[in-house]
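Got your viewer open and your selection box ready? Load the model below and follow along, one pick at a time.

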Protein chains: 2
Amino acid sequence: MALNLDQVGSKTEPIPFTYDQDKLILYALGIGAGVDELDFVYEKNLKVFPTFAVIPIVPAIIKLMGRAGINLPTVLHGEQRIALHRTIPTSGTIHTTGTWSSVYDKGDKGAVLNMDFATTGPDGQPLFENTVVLMDRSAGNFDGDRGPKTERFDPPEGKSPDFSVQEATSPDQAALYRLNGDKNPLHIDPDFAKMGGLDRPILHGLCTFGFAGRAILEKVCGGDPARFKSFAVRFMGPVYPGETLITEGWKSEGGAYIIRTRTGDGRVVLGNAVAEIG
Amino acid sequence: MALNLDQVGSKTEPIPFTYDQDKLILYALGIGAGVDELDFVYEKNLKVFPTFAVIPIVPAIIKLMGRAGINLPTVLHGEQRIALHRTIPTSGTIHTTGTWSSVYDKGDKGAVLNMDFATTGPDGQPLFENTVVLMDRSAGNFDGDRGPKTERFDPPEGKSPDFSVQEATSPDQAALYRLNGDKNPLHIDPDFAKMGGLDRPILHGLCTFGFAGRAILEKVCGGDPARFKSFAVRFMGPVYPGETLITEGWKSEGGAYIIRTRTGDGRVVLGNAVAEIG
């Protein structure tokens, strides 16, 4: 289906997002945290996972997806990047401005849409940024630019990771995660998933992103969200709720880590990924 | 600690509770439902668990507990009864009036507080009733009436149950369930649990109640909430998050079932229980 290409460059007004401690705890549980990480699931001394930055922008994404004319059953989440200016407060109203920055034509593979989001805190000052890359598999071949090659970030060949975290997702992980706001039926509706050419509903890419972020926070940041500066990933393949995720990291230059997440059966599902640690 | 006995008979104003599909899905996940019970965790064709009736009354309970001067670390949930006039709508604003009906003096065991709640639907007509029995272990010996003997409902001796459902709770079950509104730290805070004389945080009795209600709904009501008329239970002992629950039912007179829930190691945690099925 054709995109509304005249909307490229379109920018939203600042969209408010109000949250409280319950929303943060719901997010934490949705990305697999539990009572072993009590500070993230209990309002006494509550800490905020840095990857929560992907949640307040959901209304802006939905708005831009509508303007772009994306075909929901054939859209996949390609890439995500977050960059934090400071730690996220434990409640408040924050504002996000979203821009559909560019679109690239990948032919039969589909169309790639790049969107950028800037979020300001309750004080009106910059809080975090997001970049979202979506792939609409039904929207390629519009005689557009194929776009630049993406920079590659691969684990060093033959070198053991500096950390590794293995954790099972729950069969109900997506049912819980979607309460954070991304209600795409692809993640819960078997019939809808089949319409999109998938065997069954898949986990949100951003849920896998959250599991990987938790692993980084624990193993590299000593559990301190203030040290988590940025995280950029490519989603490489579907995760089915209930599968095990293994996140590994390799220390790179300047405190950065190359990150990779595989499923229990060895498929890379999150790669080309870098986390910057302060 | 002494109760405010001059408040016995106290009645609240009708207290509003507004909910949407997300709150129903959060409740369903909190009592262990998942994608195997898709109609309860997905907004398309959403069904409402009858035991959700315990949630909208939480603000009224908290108000009455405040008036009664209950000592939170020593209070336990003794009994709960729900009776449904009709199925619960999938969203809306409903109103609950709560009454602290009576208090009994169980001596060194504590004080027993009986509270009754009547809830009307968005149309202002009766929707469901709750009876809540709380035990404040620090508030006995006030020279009060010991109260009547409770009617006993025990499984028939030597007879196999007509149904049995075994299911594990999650170690994070209470952390999730408390997002429904009962934030008593007893269910998440290790230090607070110790203040109350418990080894560690315990599952909400009403979470166990929800697990038992799901078993009844599946095995006796064919999954149809309209057939679930009432459910009355006594909480007999603590459940620790992560423990397995085994709910059994014995067919009794007039379509009623005697219900009992045990932990995996055989302790009865919910008993003296009857469900009425239509």
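## First stop: a buried acid

Pick Asp189(A): at 5% relative accessibility this residue counts as buried, because the limit for that label is under 20%. Keep in mind throughout that you are looking at a predicted model.

Which residue is the salt-bridge partner of Asp189(A)? Add Lys44(B) to the selection: the closest N and O atoms of the two are 2.8 Å apart. Lys44(B) sits in the loop between helix H2 (38–41) and helix H3 (58–68) of chain B, while Asp189(A) sits in the loop between H4 and helix H5 (190–195) of chain A, so this pair joins two chains. Unlike the buried acid, Lys44(B) is partly exposed, with a relative accessibility of 40%.

## Zoom out to the A–B interface

Now colour by chain and show what lies between A and B. On each side you should find 23 residues: 23 of chain A in contact with 23 of chain B. The buried area between them comes to about 1,900 Å², and carbon and sulfur atoms give 58% of that. To see who contributes on the chain A side, select Tyr42(A), Leu179(A) and Ile188(A); these supply 24% of the area chain A buries against chain B, more than any other three residues.

How many salt bridges run between chain A and chain B? The count is 6. For another example, select Glu43(B) and Arg178(A), whose side chains meet in a salt bridge at 2.9 Å, N to O. If you prefer polar contacts, there are 10 residue pairs of that kind between the two chains, both partners at pLDDT 80 or more.

Next, switch to cartoon and highlight helix H1 (21–30), helix H2 (38–41) and helix H4 (173–177) of chain A, the elements that give two or more residues to the side touching chain B. H1(A) gives the most, with 4 residues. Colour that side of chain A by residue class and you get 15 nonpolar, 1 polar and 7 charged residues.

## Salt bridges inside chain B

Over all chains the structure holds 32 salt bridges, and two within chain B are worth a click.

Start with Glu276(B) and Arg81(B), whose closest N and O atoms are 3.9 Å apart. Glu276(B) lies in strand E10 (residues 268–277) and Arg81(B) in strand E2 (residues 75–84), so this salt bridge ties together parts of chain B that are 195 residues apart in sequence. Both ends get the label partly exposed: Glu276(B) has 38% relative accessibility, and Arg81(B) has 35%.

Then move to Glu243(B) and Arg267(B), with closest N and O atoms 2.9 Å apart. Glu243(B) is in the loop between strand E7 (228–235) and strand E8 (244–251), and Arg267(B) is in the loop between strand E9 (256–263) and E10, so the parts of chain B tied together here are 24 residues apart in sequence. Are the two ends buried or partly exposed? Glu243(B) is buried, at 17% relative accessible area, whereas Arg267(B) is partly exposed, at 30%.

Back in chain A, try a three-residue selection: Glu37(A), Glu167(A) and Arg214(A) are joined into one network by salt bridges that share partners.

## Along strand E7 of chain A

Select Ser230(A) in strand E7 (residues 228–235) of chain A. This serine is buried, with a relative accessible area of 4%. Its side chain makes a polar contact of 2.4 Å with the side chain of Glu276(A). Expand the selection and, leaving out residues up to four places away in sequence, Ser230(A) touches Arg81(A), Ile82(A), Ala83(A), Val274(A), Ala275(A) and Glu276(A).

Now pick Phe231(A). Along with Ile216(A), Ile216(B) and Phe231(B), this residue has the most contacts inside the largest nonpolar core, which holds 154 residues. Among the residues that Phe231(A) touches beyond four places in sequence are Phe209(A), Ile216(A), Ile259(A) and Leu270(A).

## Last stop: a proline in a loop

Finish at Pro155(A), in the loop between strand E5 (126–136) and strand E6 (163–168) of chain A. Draw a distance from its C-alpha to that of Ser138(A): the two are 17 residues apart along the chain and separated by 32 Å. What does Pro155(A) contact, neighbours within four places in sequence aside? Show Trp250(A), Ile258(A) and Arg260(A), and you have them.

Notes: Residues numbered from 1 in each chain as written. Chains lettered and ligands numbered in written order. Predicted model: local features only at pLDDT ≥ 70, side-chain atom pairs only at ≥ 80, totals over all residues. Heavy atoms only, no water. Contact = heavy atoms within 4.5 Å. Buried area = accessible area lost by both parts, 1.4 Å probe. Salt bridge = Lys/Arg side-chain N within 4 Å of Asp/Glu carboxyl O. Polar contact = N/O pair within 3.5 Å; in protein donor to acceptor, adjacent residues only side chain to side chain. Nonpolar A, V, L, I, M, F, W, Y, C, P; charged D, E, K, R; others polar. Buried < 20%, exposed > 50% of the residue type's maximum accessible area, 1.4 Å probe, protein only. Core = buried A, V, L, I, M, F, W, Y, C linked by side-chain atoms within 4.5 Å.
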